[in-house]
Amino acid sequence: MIYAAAMGIISTVEIFDDLAAEGDRLEAILDGLGDARWAAPSAAAGWSVADVVLHLAQSEEAVAASVDGRPSPLLTGTSGSDGGTSTVDDLMDVWVRRERAAPSAVFERWRTARHAALAALRRADPGSQLRWVAAPLRPATLAVTRIAEHWAHGLDITSPFGIDFPDTARLRHIAWLGHRTLPYSFIIAGAEPHEVYCELTAPDGSAWRYGPPAAASTVTGSAGAFCRVGAGRLDPAASGLVARGPHAELALRVLRNYAS
């Protein structure tokens, strides 16, 4: 997969390398947490820090399973012997509660899983369609969703403790994902899809642009705020993002860079 953000071209190799870097950053943070913080509530409602990391481990294992054609609860939509669950969130909550373990075991499980998932994505046929939650995805697109997932849960882990978690250039993938999936987001919200042009300010002050400049609806502002809105970590009304045109406010309300 190759896509453009502003005037730059984002390659498949860059996507995989950025997924590795996002995982490296989170691993360094987790490595410095004591058991008390691992057991403390995260910003993900109902989950401790250990629960969040366990969820990341489970979903990374599902990535490798998808590449290899193996079954996984996340891919089959079941939580085990109790059958199907109504939403992805329900499934993940049941799965996490069932497999809770000591922080050291969870940390090692996630580290092993993330490296295995990344290796699997790198070796996968770039044009293949890998089974995933809402729809099949190509390996590079699945990697982008994993960047988004690790970044969002990185916020959940660090924010309760005031740990520094600065925005980076890797947000360009997450912003692209949020904009790319807007048609789907409109549809699942019961609305007709509409073109939206986004001009977002990157962490280094440059501009990232997505969509047709002639679109009747536009969103401008911070890329970090845009990504947080898409992750459900920030209310659009408090984001500072400027929505202009007939469908821009709705776009921000339905914006999502996750599956559920």
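**Exercise 1.** In this predicted model, determine which helices each supply at least two residues of the lining of the largest cavity, and how the lining residues divide by character.

*Solution.* Begin with the elements: helix 1 (12-31) and helix 6 (103-123) each supply at least two lining residues of the largest cavity, and helix 1 gives the most, with three residues. Next, list the lining itself, which is made up of Leu19, Ala20, Gly23, Glu60, Arg114, Leu118 and His150. Sorted by character, these residues fall into three nonpolar, two polar and two charged. The volume that they line is about 50 Å³.

**Exercise 2.** Describe the second largest cavity by its volume, its lining residues and their division into nonpolar, polar and charged.

*Solution.* The space in this cavity is about 30 Å³. Its lining consists of Leu182, Val196, Cys198, Val219, Phe226, Ala251, Leu252 and Leu255, with strand 3 (196-201) and helix 11 (248-254) each supplying at least two of the residues. The division is eight nonpolar, no polar and no charged.

**Exercise 3.** Decide whether Ser42 is buried or exposed, and find which atoms its side chain reaches.

*Solution.* First locate Ser42, which sits in the loop between helix 2 (35-39) and helix 3 (49-68). Its relative accessible area is 11%, and because buried means under 20%, Ser42 is buried. Leaving aside residues up to four places away in sequence, Ser42 touches Trp47, Ser48, Val49, Val52, Asp156 and Pro160. Finally, a polar atom of the Ser42 side chain lies 3.0 Å from the backbone nitrogen of Ala44, while the side chain of Ser42 also reaches the backbone oxygen of Trp47 at 2.8 Å.

Note on methods. Residues are numbered from 1 along each chain as its sequence is written. This is a predicted model: local features need pLDDT of at least 70, side-chain atom pairs count only at pLDDT 80 or more; totals for chains, interfaces and linings use all residues. Side-chain values use heavy atoms; hydrogens and water are left out. Helices (H or I, at least four residues) and strands (E, at least two) are DSSP runs, numbered from the N terminus. Buried means under 20% relative accessible area, exposed over 50%, partly exposed in between (1.4 Å probe, protein chains only). Contact means heavy atoms within 4.5 Å. A polar contact is a pair of N or O atoms within 3.5 Å; within protein, one must be able to donate a hydrogen and the other to accept it, and residues adjacent in sequence count only if both atoms are side-chain atoms. On a 1 Å grid over the protein atoms alone, a cavity is a set of points where a 1.4 Å probe fits but cannot get out, and a pocket is an open set with protein on both sides within 12 Å along at least five of seven lines; lining residues have an atom within 4 Å of a point. Grid points are joined across faces, edges and corners, and a volume is the space filled by probe spheres set on the points. Ala, Val, Leu, Ile, Met, Phe, Trp, Tyr, Cys and Pro count as nonpolar, Asp, Glu, Lys and Arg as charged, and the others, Gly among them, as polar.
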